[in-house]
Amino acid sequence: MLSNALRRVALDEVPVATPTGRLQAVTGLLLEVSGCALRIGQRCLIERVGEDGAGDWISAQVVGFRDPVAYVMPFKKPEGLVPGARVLPANERAPLMIGPEWLGRVVNGLGEPIDDLGRLGGEHLLPATPPRVNPLRKQNVHEPLDVGVRVINGLLTLGRGQRVGLMAGSGVGKSVLLGLITRNTVADVIVVGLIGERGREVREFIEMSLGREGLARSVVVVAPADESPLMRQRATELCHSIAAHYRDQGQHVLLLVDSLTRYAMARREVALALGEPPATRGYPPSVFSQLPELVESAGNGEGPGSMSAIYTVLAEGDDQQDPVVDTARAILDGHIVLSRALAERGHYPAIDVAQSISRCMSLVAGREQQESARRFKQLLARYEQVRELMPLGAYVPGADPAVDRAVELWPRMEAFLHQGTRESAPLQGCLQQLRELTS
């Protein structure tokens, strides 16, 4: 028999009532709820009616409020909602736990597996938002990152812990280059975020770019274009949290996000739905403050592990002054520009060496390599001066010895710049070829 004191304690723990709100309005993906106090970021459940008349619940998250009205955005399409539908605060979800079991798995933006391989678990708590590192405690970039792409390894050498953007318009080869980097990069763990892209590309990337061996050391986070903006946003943040976890475990991590522009667009959709005024090309000001927060969570941490990040950035209309491209160029540690003109000539990867830069190359490349890369770029610039004149017969050998040498070496330079989608170019071999070419 329980004592009276124990009975009182047990009764105190029983909720007297469940706070319930009501759905007042639906505008696009933004839902208005009243009658229940909800905090920003809190999960809630919204009642809906199916075609067969049966009811169930959809999951949503509070993204803002005004006076007594809370603004809520669902993770899935808001179908089957009716005026006055009940809205219940969701019980706190069990925190995500992560461990080695996540390697080889494919999850959505909520960390739920979508590969039909069973539940995920682990022994470490995965934070809901990417962790921040004190800038004074971050390890410096001091080791080169071998990405297996000849032009990048030789002329735009990256370092472990560097953040870089692949910038180009649509259809120029960003995803193909990303797949080439994925297969050839030397890393312990690869975290891939496929954000806002075509659903068809998800399976193609997993089977063709990663392959069975690559998937075994990878975690893939998927939020295709048909997902809600809230899901795309959370998926991008989740892959940063996953990569940061493995980095803090002392492993060398490669984070690939395709694409940073789709994350910015998802942020824009949420902000505009909340009534924030558009500023630059329809992007509200908050988007350009949230991009640095995301990018700064990547990079090296306090321990021996590293977290290198490569983001694809879509330049709409091939405009390199696009606001997202311009912002990414300012906050990243380098950018690799893909040229449509090169792609149209069948030059792959279509990397425009003159417009690309690695801000960490001086930290990880020796003086001899830097000098060889400088001479190569000079020869390339000389050749570009006369490339269009040669078919017209307007180029006269002997007028400029530097141009003559560039024309003579062009076949070897072109071979250095070209690379097949299944070809691997290790770092040391690239440096040897570069030295022989420019000596």
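Which elements do the buried residues of α3 pack against? That question leads into the middle of this predicted model, and the answer comes after a quick look at the whole chain.

## The chain as a whole

Welcome to the structure. The chain has 439 residues, and buried residues make up 51% of them. Its secondary structure comes to 13 helices and 18 strands. Measured out along its principal axes, the C-alpha trace spans about 100 × 45 × 40 Å.

The accessible surface of the chain is about 21000 Å², with 52% of that area belonging to carbon and sulfur atoms. Among contacts with a separation of 6 or more, 70% are between residues 24 or more positions apart.

## An annotated span

According to the UniProt annotation, from an unreviewed entry, residues 160-342 are covered by "domain: AAA+ ATPase". In the model this span is 47% helix and 21% strand, and its end C-alpha atoms lie 29 Å apart.

## Helix α3 and its surroundings

Now back to the opening question. The buried residues of α3 pack against two helices and four strands by name: α2 (150-155), β12 (163-168), β13 (189-195), α4 (200-216), β15 (252-258) and β16 (306-314).

Helix α3 itself runs over residues 174-184, and eight of its eleven residues are buried, so the helix is largely enclosed by the rest of the structure. The buried residues are Lys-174, Leu-177, Leu-178, Gly-179, Leu-180, Ile-181, Thr-182 and Asn-184.

## Where α11 meets α12

Further along the chain, helix α11 (residues 367-386) packs with helix α12 (residues 401-417). Their axes are 8 Å apart and make an angle of about 110°; the two helices are therefore roughly perpendicular to each other. By class, 14 nonpolar, one polar and two charged residues form the contact of α11 with α12.

On the α11 side, the residues taking part are Phe-376, Leu-379, Leu-380, Arg-382, Tyr-383, Gln-385 and Val-386. Those they meet in α12 include Ala-402, Arg-405, Leu-409, Trp-410, Met-413, Phe-416 and Leu-417.

## A closer look at Phe-376

Phe-376 is a good residue to find on screen. This residue sits in helix α11, and its relative accessibility is 0%, so Phe-376 counts as buried. Beyond its neighbours within four places in sequence, Phe-376 is in contact with Leu-155, Met-413, Phe-416, Leu-417, Leu-434, Leu-437 and Thr-438.

How many residues apart in sequence are Phe-376 and Leu-155? They are separated by 221 residues, while their C-alpha atoms are 8.2 Å apart in space.

## Backbone details in the loops

Two cis peptide bonds can be visited next. One joins Asp-258 and Ser-259, with omega about 10°, and Ser-259 lies in the loop between β15 and α6 (260-273). Another cis bond runs from Tyr-348 to Pro-349, with omega near -5°; Pro-349 lies in the loop between α9 (340-344) and β18 (357-358).

Positive phi values also turn up in residues other than glycine. Asp-116 has phi near 60° and is found in the loop between β8 (105-107) and β9 (124-125). Is Asp-116 buried or exposed? With a relative accessible area of 76%, Asp-116 is exposed. Arg-281, which is not a glycine either, has a phi of about 50°, and its place is the loop between α6 and α7 (285-296).

Definitions and conventions: Residues are numbered from 1 along each chain as its sequence is written. This is a predicted model: local features need pLDDT of at least 70, side-chain atom pairs count only at pLDDT 80 or more; totals for chains, interfaces and linings use all residues. Side-chain values use heavy atoms; hydrogens and water are left out. Axes are lines fitted to C-alpha atoms, for helices over the stretch in contact, and angles run from 0 to 180 degrees between N-to-C directions. Angles under 35 degrees count as roughly parallel, over 145 as roughly antiparallel, 65 to 115 as roughly perpendicular and the rest as oblique. Contact means heavy atoms within 4.5 Å. Ala, Val, Leu, Ile, Met, Phe, Trp, Tyr, Cys and Pro count as nonpolar, Asp, Glu, Lys and Arg as charged, and the others, Gly among them, as polar. Buried means under 20% relative accessible area, exposed over 50%, partly exposed in between (1.4 Å probe, protein chains only). UniProt positions are given in the numbering used here, feature names are shortened, and annotations may be inferred rather than shown by experiment. Accessible areas come from the Shrake-Rupley method with a 1.4 Å probe; for residues, only the protein chains shown count as cover.
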